[in-house]
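Dear colleague,

Please find the structure we discussed below. My notes on its strands, helices and cavities follow, for use at your convenience.

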Amino acid sequence: MILNCQNIQKSFLEVPVLKNVTFHMEDNEKVALVGINGAGKTTLLRIIVGQLSADEGLVTLSKDASFGYLAQNDTLNTDLTIYDELLSVKQHLIVLEQKIRTSEARMKHLDGAALSELMDQYSRLTHQFESEGGYQYQSEITGVLKGLGFAEEEFSKPVNTLSGGQKTRVALGRLLLQKPDLIILDEPTNHLDLNSIAWLETYLLNYKGAVLLVSHDRYFLDRVVTKVVELDQTKSTVFSGNYSDYIMKKEQLKIAAQNAWENQQRELKHQREVIEKLRSFNREKSIKRAESREKMLNRMEVLDKPMEAETDMQLTLEPAILSGRDVLHIENLSKSYGDLKLFDHFDYDLRRGEHVAIIGDNGTGKTTLLKILNGLEKADTGFFKLGTNVEIGYYDQEQQLLHPQKTLFEEISDEYPDMNNTRIRNVLAAFLFTGDDVFKQIRSLSGGEKGRLSLAKLMLSNANFIILDEPTNHLDIASKEILEDALNNYSGTLLYVSHDRYFINRTASGILELCGGRFHYYDGNYDYYLEKRIVPAEASDLKIEEAESQNKLDWKTQKEAQAKARKKENDLRKCEEKIASLEEAIHAIEEQMALPEIACSSLKLTELTKEQTALLKELDAQYLLWEELAE
């Protein structure tokens with residue numbers, strides 16, 4: 001066991017946040033902490049890492065175990081470059097390598113016992129360097145940075161010139177390279193694109209230590225965790241399995257609790273009726289029997305009525321008028337910024353009722369396309385046209401049309417005067433605005449809060465073509481599910497950009513992937529896309545095809561792909577053979593150095609050391625090549 005939390009309690013201004021929270025983590029276990037916004041997840045993490053003290057309870061970390069904690073929006077501010085900041089984590093290896101080089105230089109000037117002693121020290125240093133990954137640390141840093149979405153040309157950028165999201169990614173990379181026994185992450189997928197999230201999933205799945213994380217990314221949780229700790233109304237409940245298992249088991253517990261309460265209520269009613277009947281007999285024995293039953297009834301532990309979900313907190317979204325069958329026609333659309341080409345030769349037709357998600361790496365042009373369709377940007381070439389009776393509703397986190405002087409309540413009620421107060425409050429509550437929050441002025445809201453309010457307004461509109469840019473950002477899981485249900489029941493047309501794979505899986509009927517300046521269409525949800533997606537060897541070789549034949553490779557293409565695969569396998573095999581050969585040669589040199597007749601010859605030792613250094617350098621290059629081939 002690496003972590004044990006026992007009866008943790010915490011209140012703020014006498015308001016309980018956590019009560020008797022208890023769970024434990026085994027070595028190498030991957031655990032998720034879930035709950036609605038404000039349930040106390042971040043508070044619990046801060047207690048675990050010692051940033052907050054619990055009012056009661058005990059947090060126990062395994063003896064000598066190390067942990068690393070990445071909070072939400074945790075950023076670095078340093079004059080170092082991105083690469084050097086991560087390199088600083090490996091400072092002990094750099095120092096060790098310097099000692100090895102110093103030892104090699106001193107060997108030329110020593111002999112006899114002094115040389116023998118230095119050789120022993122040199123052997124220990126090289127063994128330690130190798131066992132701690134000294135020959136791989138540079139490629140490891142490169143792999144982590146690329147995995148988190150940094151291109152090689154960005155490695156030399158100073159950290160203090162980066163955006164907040166980029167700094168958070170650097171902080172995450174630094175933490176991963178530290179390799180603590182327990183990694184604690186609060187919303188680690190924020191600021192990551194789909195490829196980076198997939199890379200992080202694989203990294204954490206293969207991580208030798210334990211991982212405790214908070215995330216609203218349900219697809220990510222499904223892939224990574226094997227245990228879920230739910231915080232609900234200050235209490236904790238532990239579920240084995242991933243997020244989907246948790247949802248299923250939670251529903252089963254909810255049904256069981258409701259059934260148990262109903263059964264007990266029936267039994268209580270029956271017993272009261274029996275007692276009343278016995279008293280009505282008005283005989284000594286019957287009265288005693290009634291009193292006996294009453295005492296038994298008073299000793300019974302009465303179950304609390306299970307809290308029911310508010311059925312009013314559902315959003316309905318329906319177009320005021322029906323659009324034509326052809327909603328959007330795009331022809332030969334292109335867009336570049338200077339030398340940066342985002343996309344070109346884009347042809348596409350969107351039909352009424354389709355729900356299409358646009359996916360791709362950060363900075364590839366997804367949001368730019370949405371802005372072009374809404375008249376906020378101009379295309380370089382090509383054109384698009386809307387169909388008959390098409391009315392657009394647009395959600396753009398950068399262009400929210402809100403009135404700063406109004407309250408949240410006024411913003412909704414003025415736009416929709418026929419809505420009653422209860423309905424307005426329920427809609428705002430669905431997007432995390434409760435109590436007196438609804439009377440805040442909009443100008444006092446954060447960017448994320450303004451985004452949620454804009455989304456709430458859009459969900460109430462009568463548009464028949466809705467365009468959304470990252471609609472699930474700043475929403476907790478419950479609010480995401482409300483939004484998903486509303487969109488799934490929406491009979492209009494939907495086009496959106498999102499990095500939320502669970503959301504895409506639930507709401508998309510088609511996927512448009514933007515990769516290498518070209519769009520590729522997949523007629524299905526995210527799981528279908530993963531199964532059928534094109535993974536090209538080089539982005540420049542990508543060619544867009546008609547949607548009907550998108551995933552059908554002809555015979556020639558298949559043969560070419562097979563030939564490339566065979567060549568890659570052959571190159572990988574040769575690389576592995578070369579690595580084995582180099583390691584044998586290095587081992588042979590080490591054995592020679594250990595011979596007494598060699599140890600006494602500084603000339604021979606110098607020659608062998610030079611040869612060993614060359615072989616180690618070549619081995620390092622082969623390791624890098626192997627990683628590239630194995631990707």
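Strands β15 (residues 465–469) and β16 (residues 493–497) run parallel and are joined by five bridges. Within this pair, Asp-469 of β15 stands opposite Val-497 in β16. Please note that the model is a predicted one.

Both strands belong to an open sheet of six strands with mixed pairing, in the order β14-β15-β16-β12-β17-β18. The edges are formed by β14 (392–395) and β18 (518–522); each has a single partner strand, so one side of each is left without a neighbour in the sheet. From one strand to the next, the twist averages 15°. As general background, the strands of a sheet pair through backbone hydrogen bonds, in either a parallel or an antiparallel manner.

Strand β1 (residues 3–12) offers a second set of pairings. It runs antiparallel to strand β2 (residues 15–25), to which seven bridges join it, and also antiparallel to strand β4 (residues 56–61), with five bridges. Asn-4 takes part in both pairings: this residue stands opposite Thr-60 in β4, and its bridge partner in β2 is His-24. The hairpin of β1 and β2 has two residues between the strands, and Leu-13 takes a positive phi near 55° there.

Turning to the helices, the axes of α3 (residues 91–107) and α4 (residues 112–131) come within 10 Å and cross at roughly 155°. An angle over 145 degrees counts as roughly antiparallel, and α3 is therefore roughly antiparallel to α4. The crossing of these two helices is left-handed.

Finally, the cavities. How many cavities of 30 Å³ or more are there? The count comes to two.

- The largest cavity holds about 40 Å³ of space. Its lining consists of Leu-70, Ala-71, Gln-72, Asn-73, Thr-168, Asp-186, Glu-187, Pro-188, Asn-190 and His-191. By class, these residues divide into three nonpolar, five polar and two charged.
- The second largest cavity holds about 30 Å³ of space. It is lined by Pro-319, Ile-321, Leu-322, Ser-323, Arg-352, Asn-464, Ser-491 and Gly-492. This lining has three nonpolar, four polar and one charged residues.

With kind regards

Technical notes:
Residues numbered from 1 in each chain as written. Predicted model: local features only at pLDDT ≥ 70, side-chain atom pairs only at ≥ 80, totals over all residues. Heavy atoms only, no water. 1 Å grid on protein atoms, 1.4 Å probe; cavity = no way out; pocket = protein on both sides within 12 Å on 5 of 7 lines; lining within 4 Å. Points joined across faces, edges and corners; volume = space filled by probe spheres on them. Nonpolar A, V, L, I, M, F, W, Y, C, P; charged D, E, K, R; others polar. Pairing = 2+ DSSP bridges. Helix = DSSP H or I, 4+ residues; strand = E, 2+ residues; numbered from the N terminus. Axes fitted to C-alpha atoms, helices over the stretch in contact; angles between N-to-C directions. Parallel < 35°, antiparallel > 145°, perpendicular 65-115°, else oblique. Left-handed = near helix turned anticlockwise from the far one by under 90°.
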